[in-house]
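Subject: Structure handover and notes

Dear colleague,

I am handing over the structure below, and I would be grateful if you could look through it alongside these notes. Please keep the view open while you read.

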Amino acid sequence: MADRTLDASGLRCPMPLLKTKLELNSMSPGQELEVIATDAGSARDIPAFLRLSSHELVSSSEQGGCFTFVIKCGG
């Protein structure tokens, strides 16, 4: 179970990614953030950002146009 949940449903690119970055910046290393987004660009943008960061993508899924990501905050 994630420590925090960010519901970015209904937001258009690039807002889900920007809100994800801001939320991760306010978290401690090791905490987990669940992100829920409906913008299809999130499926590409969030994993791409995480590959370039210290954060880790724990899981991602898509169901009925709703994308869910669980991210472990890095140091």
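The notes below go from the overall fold to the strands, then to one residue in a helix and one peptide bond.

Please bear in mind throughout that this is a predicted model. The protein chain contains two helices and four strands, and when these are read along the sequence they follow the pattern β-α-β-α-β-β.

As for overall dimensions, the C-alpha atoms fill a box of roughly 30 × 25 × 20 Å when taken along the principal axes. A compact globule of 75 residues would have a radius of gyration near 11 Å, and because the protein chain has 11 Å, the two agree. Buried residues make up 33% of the 75 residues, and among the contacts with a separation of 6 or more, 65% are accounted for by residues 24 or more positions apart.

The surface that the protein chain exposes comes to about 4300 Å², of which carbon and sulfur atoms supply 51%. The side chains include 7 positive and 9 negative ones, and the centres of these two sets lie 7 Å apart.

Turning to the strands, β4 (residues 66-72) is joined to β2 (residues 32-37) by six bridges, and these two strands run antiparallel. Strand β4 also pairs with β3 (residues 56-63), again in the antiparallel sense, over seven bridges. One residue of β4 that helps in following both pairings is I71, since L33 stands opposite I71, and L57 likewise stands opposite I71. Strands β3 and β4 form a hairpin with two residues between them, and G64, which sits in the turn, has a positive phi of about 60 degrees.

In helix α1 you will find T20, and you may wish to ask whether T20 counts as buried or exposed. Its relative accessibility is 0%, which is under the 20% cut-off, so T20 counts as buried. Once neighbours within four places in sequence are left aside, T20 is in contact with L6, L33, V35, I46 and I71. Two of these, L33 and I71, are the residues that stand opposite each other in the pairing of β2 with β4.

Finally, please look at the loop between β1 (4-8) and α1 (15-25), where P14 is found. The peptide bond that joins C13 and P14 is cis, with omega at about 10 degrees.

With best wishes

How values were computed: Residues numbered from 1 in each chain as written. Predicted model: local features only at pLDDT ≥ 70, side-chain atom pairs only at ≥ 80, totals over all residues. Heavy atoms only, no water. Pairing = 2+ DSSP bridges. Rg over C-alpha atoms; globule rule 2.2 N^0.38 Å. Buried < 20%, exposed > 50% of the residue type's maximum accessible area, 1.4 Å probe, protein only. Contact = heavy atoms within 4.5 Å. Areas by Shrake-Rupley, 256 points an atom, 1.4 Å probe, with all protein chains shown as cover. Lys, Arg positive; Asp, Glu negative; His and termini not counted. Charge placed at Lys NZ, Arg CZ, Asp CG, Glu CD.
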